[in-house]
Amino acid sequence: MKIKTLLFGLMMPMVGFAQVYDLPNSDNTPAPCHPVPHKRQILWNETEFYAFFHYGMNTFTGKEWGFGDEDEKIYNPKAMPNPEQWVTSVKAAGMRGGIAVVKHHDGFCLWPTATTSHSIKNSGGEYGPKANIPQLFAEASQKHNMKYGFYISPWDRNSAHYGKDTYVTEVFLKQCEELAEYGEDQFEMWFDGARGGDGYYGGEGGNRNIDAEIYYDIPNLRARVHRIAPNCVMWGVGGEARWIGNESGYAGETDWAMTDYMSESVVREEGDINGWFWNPGESDAKATSAGWFWHQGESMKSAERLFQMYLETVGRNATLILNCPPDQYGVLPANTVNELKKLGQLLHGRLAVPVEGLDAPAVDYAKTAQIEVDDTRFGGRYEISNVADGDKDTYWGTNDGDLDATITLTWDTPQVIRYLVMQEPIKLGQRIKDFKIEYSEDGSTWTELCPNMQTTTVGYKRIIPLNGKTTESYGNGYSAKKLRITILDSRACPLLSNLNVF
Ligand code: FUL
């Protein structure tokens with residue numbers, strides 16, 4: 001037993017329970033380890049895996065970045081766009097929500113905005129003017145119990161106002177408010193990092209560059225959107241979640257949800273243990289082979305490749321926003337839908353990710369293990385059984401100052417195991433900074449697992465492929481009578497809200 005635990009235990013009979021329970025922190029709740037997330041950032045993190053839908057003018061021009069001079073009539077869907085099909089297709093992949101691009105750099109708005117005539121109002125064909133994408137997307141998401149939000153490009157290559165104050169006051173902030181009005185329950189608003197450049201700019205053309213940190217009036221933007229949609233995380237330039245630093249679908253094996261400054265890629269991928277504000281990572285990646293928008297003849301990445309991405313993002317304390325572009329008919333093509341379904345089966349069968357219609361989740365061996373630990377926080381509420389009770393609000397912890405601990409899971413007969421999932425209760429900050437994992441087949445000799453992997457951070461969620469590989473993670477597995485997790489160091493007393501073993 002740790003010295004402090006022992007002293008505390010010895011003192012208890014002397015002090016007496018009644019007196020202790022009169023103390024302000026009578027249940028001995030651990031002090032937060034700052035910085036801590038806002039409630040909206042915790043809810044956002046719980047979304048874990050969601051889709052990106054790049055759809056708009058570029059879908060019809062074949063471009064990735066429209067110049068802003070495109071005739072509105074070019075946007076001409078071949079059928080009524082069907083966001084409900086987008087939502088149900090990604091739900092089948094185990095996703096919990098999506099972000100629809102409703103204005104890209106070309107400035108064309110997929111809703112009848114009051115701020116510009118460059119919108120669906122003046123678009124072509126039977127369906128263009130009728131399909132209010134944010135509205136249809138919000139309604140479909142609500143219907144299917146999926147989280148939703150919108151991508152709105154701050155850079156606007158169409159607007160004559162871009163680069164002037166009037167763009168921010170009369171166009172951009174108003175557009176963000178209009179979008180917020182499509183649903184007070186939206187979870188994220190996405191702003192790309194583009195900082196201006198050349199464009200049409202109302203016909204004047206030329207180059208317009210701005211300083212994104214100052215120009216977009218971010219504090220005001222945040223306040224105005226949060227007044228309408230209080231749980232909407234303002235991504236990127238909004239300062240409430242960070243870009244992970246690449247578009248390839250991976251986060252650092254070490255990944256802190258805090259940052260200090262955002263200039264270096266290592267800080268983006270790994271965060272900063274000394275960061276002073278909560279700024280968790282989101283990884284944006286493409287599910288298809290070509291660009292962000294739909295392109296003729298493009299192929300879909302395999303479900304196995306996407307599973308690997310999931311391990312390297314959601315499994316490393318980041319979220320994954322996976323781009324699935326709708327085509328000119330306003331639907332996700334069949335090959336996308338099929339691969340998404342396969343991905344859902346992998347996530348369900350290997351990691352027990354809930355997917356509607358699938359009812360054979362991976363078996364969670366943490367539920368049948370006998371779990372022991374060498375240190376439990378005084379207070380009666382921090383037992384190790386909390387990590388396997390399926391309740392995200394209960395957690396295990398050690399006493400203050402005890403920064404290490406050993407947790408041992410034992411099974412009556414050996415189980416074949418492949419993945420370990422760990423979660424910290426992040427409302428009290430991200431704490432664990434070093435741990436190791438070992439297993440024993442016979443119950444007495446120990447072998448370290450994944451020694452080449454950085455077993456440093458945990459955060460909201462860490463998924464460890466026990467063979468140390470994200471590429472061929474589903475191998476033969478390990479026949480284990482025992483699994484031992486040793487927390488070696490932590491920023492403050494370590495806490496864990498959940499453990500799963502698959
Ligand atoms: C970037 C944009 O420039 C790309 O076109 C795409 O939308 C990507 C997700 O964000 O900043």
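Start the tour at helix α9 and select its buried residues: Ile218, Leu221, Arg224, Val225, His226 and Ile228. Keep in mind that this is a predicted model. Now show what surrounds them. The cover over these buried α9 residues includes α3 (39–45), α7, β4, α8 and β7 (233–234).

**Next stop: α7**

Move to one of those covering elements, α7. Select residues 165–180, a helix of 16 residues. Check the distance from its first C-alpha to its last: α7 reaches 22 Å, close to the 22 Å expected at 1.5 Å a residue. Then center on Lys174. Here α7 bends by about 30 degrees.

Color the buried positions of α7. They are Tyr167, Val168, Val171, Phe172, Leu173, Gln175, Cys176, Glu177, Leu179 and Ala180. What do these buried residues pack against? Show β2 (97–103), α6 (133–143), β3 (147–152), β4 (188–190), α8 (212–215) and α9 (218–228). Your starting helix, α9, is in that list.

**The ligand**

Select the ligand and display the residues around it. From the earlier part of the chain, pick Phe52, His54, Trp65, His104, His105 and Tyr151. Then add Trp190, Asp192, Gly193, Asp284 and Trp292.

Zoom in on three side chains in turn.

- Trp65: an N or O atom of its side chain is 3.1 Å from an oxygen atom of the ligand.
- His105: a polar side-chain atom lies 2.8 Å from a ligand oxygen.
- Tyr151: its side chain places an N or O atom 2.9 Å from an oxygen atom of the ligand.

**A buried loop residue**

Go to Asn279, in the loop between β10 (277–278) and β11 (281–286). Is Asn279 buried or exposed? Asn279 counts as buried, because its relative accessibility is 1%, and the cut-off for buried is under 20%. Now add Ala241. Its backbone nitrogen lies 3.4 Å from a polar atom of the Asn279 side chain.

**Last stop: β22 and β16**

Select strand β22, residues 498–501. Show side chains and turn the view to see each face. In a regular strand the side chains alternate between the two faces of the sheet. In β22, Asn498 and Asn500 are on one side, with Leu499 and Val501 on the other. All four are buried, so both faces of the strand are covered.

Add strand β16, residues 419–423. How do β16 and β22 pair? They run in the antiparallel sense, over four bridges. To finish, pick out Val421. This residue stands opposite Asn500 in β22.

Key. Residues numbered from 1 in each chain as written. Predicted model: local features only at pLDDT ≥ 70, side-chain atom pairs only at ≥ 80, totals over all residues. Heavy atoms only, no water. Helix = DSSP H or I, 4+ residues; strand = E, 2+ residues; numbered from the N terminus. Expected span 1.5 Å × (residues − 1). Bend = angle between axes of the 7 residues up to and from the residue. Buried < 20%, exposed > 50% of the residue type's maximum accessible area, 1.4 Å probe, protein only. Contact = heavy atoms within 4.5 Å. Pairing = 2+ DSSP bridges. Near = heavy atom within 4 Å. Polar contact = N/O pair within 3.5 Å; in protein donor to acceptor, adjacent residues only side chain to side chain.
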